[in-house]
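Reader: I should be grateful for a close look at one part of this structure, the surroundings of the ligand. Which contacts are made there, and how is the ligand enclosed?

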Amino acid sequence: MNLPAVSKEHSAEELTALAKQTLVANDRGGYTVPTAGLYPFQWNWDAGVTALGWMTFDQQRAWDEFHSLLRGQWQSGAQEGLIPHIIFHQNADSYFPGPDQWGCEADGSVRNIPTTSICQPPLHATMIRAMLDMGADPAITEKNLKPIVQGLVKHHRWWYRCRDPFDTGLVFSSHPWESGMDNSPAWDAPLANVPRTTRAYTRKDLGHVDSSMRPTQEFYDRVVYLMDFNRSVAFDPIRIAKESPYRVNDICIISILNRASHSLAGLCDQLGLMDAAIFLRARCAMTAAAISQLWSEKLGQYVSRNAITGELLQAPTHAGFLTWYGRLVEPSRDAQQQATLLAWLSETPYALPSTRSSYPGFEPARYWRGPIWQHLTTLIAEGLDRCGHTELGKRLHQSTAALFAKSGFYEYYHPLTGAGLGGGSFSWTAATYLFWNYLHDHQLHLQDLRAA
Ligand code: GLC
């Protein structure tokens, strides 16, 4: 299906129709591809955001997004509970690295479907709490909620067991793609210690998008090495925790996981899963006690840390602002981080760039090194709202609305010009629009959603 190009300012009605058409066009029967061609499978955190969009016009379809995702969850073995970052529901040769590259074929025991061996930020439980507040039909909810919550409990247990085996309170990621912010400048230093693969492979992304908007070849050589490393240790989580050349306490994953564990604990209360609720809240308490280790006095915001060397990764990225969303900002640091965000906002016409524009590593058109990602801005705005920083939240909201009206639903946006970049007709961007528009239509403020 060819969707109309968005080239002028569009009205709310036009955008709503286009956003729905985008999801329908990217629907592959129970799961949504991020965009045709460039990303032909189901992606983990995209699914959680995309479900919010479906929820505004087809509730069962929203729940189906999670059922499809959980079909890829690892069922047994040391990594039981992993929801991988890509679920290869069907084959497609337009993407590298596809199902033949990861060593994670369907075997009927650990996996029913081929997947990757890494994860992505686990925002699903928080999205489900929001769905319950969006006028969810009780009969549809009743049919769907429990199996999904049970799958997510297993998944959160996986995160804490496999990615914080020494109970530090701060989980680690073992691959830049796990953060969802693939080539963020925050990963430059830890990635420099990862060898470049020497094996031959062919990228497919450059056939879809100009190379100036995609990660570099050197980056790909290192991430392919990490993919192969996991297979070389037979996906043993303890060997990964001790030997992987890339281990990072990623502030994005830590914030999103913490918030989702609060959300999931609330869902468990509702369903009478008391052991799980107690476990999740205990882990949240451990994370809250450890978060001060990730404060950068130099940047005035939270940052990620190299878990191998213990060094803070001093790159100013928007991920640090997710700590409001993650319920992790310490009161003594709140005002300082707000001041930092205000300074960021004064530097670019559109918000919120993924990397601060005054930073030498800022590249306004290259993926996670500068462009705006709308779903991220939404999460950050929601966190600000929840914490009572409504003026800052409003500024992010206004900028987001302006970008939608100007450019439609792209993968990411240029923070200086507002132009849409990367893939077009993009699912999670369209879903983010539908979600915000729903709140607006129903006169709901993000703060009114009781989502924990
Ligand atoms: C890219 C993004 C990642 C996203 C995926 C599918 O790899 O970096 O965050 O999940 O595309 O949209």
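**The ligand and its surroundings**

Author: In this predicted model, an N or O atom in the side chain of Tyr367 lies 3.2 Å from an oxygen atom of the ligand, a polar contact being a pair of N or O atoms within 3.5 Å. The protein covers 97% of the 310 Å² of accessible area that the ligand has on its own (Shrake-Rupley method, 1.4 Å probe). A polar backbone atom of Gly180 is 2.6 Å from an oxygen atom of the ligand, and for a polar side-chain atom of Tyr39 the distance to a ligand oxygen is 3.5 Å.

The residues around the ligand, those with a heavy atom within 4 Å of it, also include Trp43, Asp46, Asp182 and Phe426. This shell divides into 8 nonpolar, 2 polar and 2 charged residues; Tyr, Trp and Phe count as nonpolar, Asp as charged and Gly as polar.

Residues are numbered from 1 along each chain as its sequence is written. Local features need pLDDT of at least 70, side-chain atom pairs count only at pLDDT 80 or more, totals for chains, interfaces and linings use all residues, and side-chain values use heavy atoms, without hydrogens and water.

Notes: A polar contact is a pair of N or O atoms within 3.5 Å; within protein, one must be able to donate a hydrogen and the other to accept it, and residues adjacent in sequence count only if both atoms are side-chain atoms.
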